[in-house]
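Open the structure in your viewer and keep the selection panel at hand. The stops below say what to select and what is there.

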Amino acid sequence: MDSRHATLAISVAFVAYTWYKCRRTSSISDIPGPKNPSWIYGHRWWWQSEEASVVEKRILEEYGAVARYNGSLGEDRLFIADPQAIYHILQGTSYLYEKPRVAMEMLALVLDKGLASVGGDAHKRQRRVISPAFGLVESKALYPYFARCANSIVDKWHEAISTKESEGAVVIDVHSWFAKATLDAIGAGAFDYDFGAVENTDNKFTKSYTNMTFAAFGRSSKGRLLMMELFKWAPAGFGTWMMERDKRPAMVNLRENRTYAHEVAAKLIEEKKQELEGGTSGKDLLSLLVKANSAARSDWRLDDEEIVSQVRTIMFAGHETTAKTLTFALWELAKNRHVQEKLRAEITETLGRIRARGDSDFAVDDFDSMPYLLAVGKEILRIYPVFMELSRTLKKDDVLPLSKPIVGVSGKVYKQLLVPAGTILTVSLLAYNLNKDLWGPDAYEFRPERWLDMNETFESPVGVYSNLLTFSGGNRSCIGWRFAVIEMHTFLVALVRHFDFSLPGNGREVRKMRPGLITPVIVGEEHKGPQLLLKVTALKNE
Ligand code: HEM
C-alpha cells in the first residue's frame with residue numbers, strides 16, 4: 001500500500017468513526033455531567049486517580065443519580081446510581097446490558113470459561129447448575145470451616161502479642177492477614193482444602209494470589225489506560241493477544257497463577273468425583289457442585305474444563321473481596337470505638353446465653369439473634385462495596401426508566417432516557433449505597449444504628465442483600481453473597497471477642513485506592529501495595 005492509499009484509508013476510518021460516534025452519542029449528550037477534562041482520556045484518568053467515593057460523591061452532589069461522563073476519544077457514557085434505572089439494567093433476563101466484550105476477554109484470560117467470564121445462554125446454563133450449591137442451608141453448613149480459619153488468625157495474633165517485647169499489644173497490617181485468612185476460608189469452605197496460607201505464607205500458590213489485582217491494576221499509567229480503552233475498537237481477541245505478551249511482573253504472575261490454579265482445581269475435582277463415586281461426598285461447595293452437576297439434565301451439564309473454571313472463578317471472586325471488606329470493618333471499629341464496645345457487649349451477652357444453654361461456642365444461627373452484629377455488617381457493606389462499579393454495554397437501543405426526572409443541558413425534562421445501542425454504562429454500586437435519597441441525609445456517615453431503626457421491607461429491592469448493591473442484583477449478582485456474609489460475621493465475632501482494635505497513632509494516613517477493588521494503602525507507601533495498620537490488644541476476658 002503506498003502512502004496515498006494509507007492516508008485515504010485512515011481518512012475514511014476517521015470519518016466513519018466520527019459519524020458512528022455522533023450518531024451513537026446524540027441522545028445522551030444532553031444529560032448533565034462533569035466537563036470533559038481531556039478528549040483523549042475523558043474522565044477515566046481522573047476517576048481512577050481519585051480516592052474511592054470522591055468521584056461518586058461529587059457526581060451525586062452536583063448532578064444527581066444519573067449523569068453523563070466521558071470515556072476516551074470524547075465518547076459519552078452514563079453514570080447510574082438511580083434505583084429504577086439500575087433495577088431495569090440488572091433485573092432483565094435477556095442480557096441486554098452485558099459486560100463489555102473487552103472486560104469479558106480480560107476475565108477469560110484469568111478464568112477461562114467460568115461464570116464471571118461467559119455471557120448469554122452459557123451463563124444462564126452455568127448459573128442454573130451452580131446456584132443450588134450456594135443456597136442458605138448450604139452456606140450455613142460452611143460455618144465450621146470459617147470458624148476454624150477465624151480461630152487460626154486469633155491464635156496467630158495471640159502468639160504475636162504474647163512475646164515479652166509486645167507488652168500486650170502489637171501493630172499489625174490487618175490487610176495482609178485477611179488476604180491469607182480469606183484464601184484459607186475459600187479453600188476450606190469452597191473445596192474442603194487447606195491452602196495453609198496463614199501458616200505458610202511462602203508457598204508459591206499463596207504468594208501468587210496475594211494482592212493480585214493491585215499488582216496488575218494498581219499502578220496504571222495514562223498510556224496503559226488508553227490502550228485498554230482502545231482495545232474495544234480492535235478485533236475480538238486482540239486485547240487478550242496483547243495481554244498474553246505483557247512482560248510486566250504482575251502480568252507474568254497473573255499468567256503463572258492461572259497455571260497453578262488450574263493444576264490445583266483439576267486435582268480437587270478429581271478427588272471430589274472419587275468421593276462422590278465412593279458415597280462419601282462432603283458439604284463443601286465443590287462437592288455440592290460436582291454432585292449437582294452429575295444430577296443435572298445432560299444438556300445443562302458442565303464439562304470438566306468448565307468445572308475447573310468455576311473453581312478458579314470462586315478463588316478469584318471470593319478471596320480479595322472478602323479480605324478487603326474485613327479490613328475496612330476493623331478500621332471502622334478502630335475509628336468508632338463506641339460501635340466496637342457495643343458490638344463486644346452483644347458478643348459477651350450472647351456468649352452468656354450460649355453457655356447457659358450448655359454449649360461452649362457460637363453456632364451459625366446465633367448470629368441471627370445478634371441485631372447489632374447484623375447492623376454493623378450491613379453498614380460496612382454499605383459504605384465499602386469493595387467491588388465499586390459494574391461496567392455494562394447496551395446491546396440494542398433501549399428506554400431506561402428513571403426514579404426522578406432529569407433536566408437536560410438544553411432545559412428539556414427527561415422522565416426516561418432513550419439510550420442507543422453500544423452505550424457504555426457505569427452502574428455505581430458505591431454511589432447507590434451512598435445515595436441520600438435512599439439512605440437519608442447522613443448517608444455518607446458510618447452509623448450502624450440506622451439499620452436498627454429501619455423498616456427493611458423493600459418493595460422492589462435492587463440488590464440481593466438488604467437492598468444494598470454491594471453484591472449487585474439480578475442474573476449476574478454475586479452468587480457467593482451468603483458465603484461472604486457468614487464468613488464476615490464469623491471473623492468479626494471471633495476477633496472482636498478476643499482483641500481490642502485502635503488506630504496505631506503513628507499519623508500515617510490511609511487512602512482508599514481504586515484498582516478494581518477499594519484498596520487501602522498508606523500515603524507515601526503506595527509502592528508497598530495494600531496495607532492497613534491497626535494496634536491490636538489482647539483482651540483478658542476469656
Ligand atoms: C464481600 C465479599 C464479596 C463482594 C463485595 C462481592 C461482590 C460481587 C459483585 C458486585 C459481583 C458482580 C460482578 C459483575 O457483575 O461484574 C460478584 C459476582 C460474583 N461473585 Fe462475589 N462478592 C463477594 C464475595 C464472593 C464470594 C465469597 C464468592 C464465592 C464463594 C463470590 C463469587 C462470585 C461469583 C462466582 C460471581 C460471578 C457471578 C455471575 O457472573 O453470575 N463472591 N460478586
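The tour goes from the ligand to two helices, then to the nonpolar core and a few single residues.

This is a predicted model, in which local features need pLDDT of at least 70 and side-chain atom pairs count only at pLDDT 80 or more, while totals for chains, interfaces and linings use all residues. Residues are numbered from 1 along each chain as its sequence is written.

**Stop 1: the ligand**

Select the ligand and the 24 residues around it. A residue is near a molecule if its C-beta atom, placed from the backbone, lies within 6 Å of it. Among the 24, A317, G318, T321, C478 and G480 come nearest. The elements that give two or more residues to this shell are α16 and α22; helices are DSSP runs of H or I with at least four residues, strands are runs of E with at least two, and both are numbered from the N terminus. α16 has the largest share, 7 residues. By class, the shell holds 13 nonpolar, 8 polar and 3 charged residues. Here Ala, Val, Leu, Ile, Met, Phe, Trp, Tyr, Cys and Pro count as nonpolar, Asp, Glu, Lys and Arg as charged, and the others, Gly among them, as polar.

**Stop 2: C478**

Next select C478, which the unreviewed UniProt entry annotates as "binding site". UniProt positions are in the numbering used here, feature names are shortened, and annotations may be inferred rather than shown by experiment. C478 sits in the loop between α21 (449–453) and α22 (481–498). Is C478 buried or exposed? C478 counts as buried because it has 21 C-beta neighbours inside 10 Å. The cut-offs are 20 or more other C-beta atoms within 10 Å for buried, 12 or fewer for exposed, and partly exposed in between, with C-beta atoms placed from the backbone. Leaving out residues up to four places away in sequence, C478 touches V464, F471 and S472; a contact means C-beta atoms, placed from the backbone, within 7 Å.

**Stop 3: α16 and α18**

Select α16 (304–335). This helix has 32 residues and reaches 47 Å from its first C-alpha to its last, close to the 46 Å expected at 1.5 Å a residue; the expected span is 1.5 Å times one less than the number of residues. Of its 32 residues, 28 are buried.

Then select α18, residues 371–383. Its 13 residues should span 18 Å, and its end C-alpha atoms are 18 Å apart, which agrees. α18 is mostly covered, with 11 of its 13 residues buried. What covers them includes α16, α17 (337–356), α19 (429–434), α21 and α22.

**Stop 4: the largest nonpolar core**

A nonpolar core is a set of buried Ala, Val, Leu, Ile, Met, Phe, Trp, Tyr and Cys residues joined through C-beta atoms within 7 Å. The largest one has 133 residues, of which I80, F146, V311, L330 and L534 touch the most other members. α16 gives the most to this core, 15 residues. Select L534 to see its contacts, including L330, W331, F501 and P504.

**Stop 5: single residues**

P249 lies in helix α14 (residues 249–277) and is exposed, with 9 other C-beta atoms within 10 Å. Its C-alpha atom is separated from that of I380 by 33 Å.

L73 lies in the loop between β1 (66–70) and β2 (76–80). Phi of L73 is near 55°, a positive value in a residue other than glycine.

Methods
Two residues are in contact if their C-beta atoms, placed from the backbone, lie within 7 Å.
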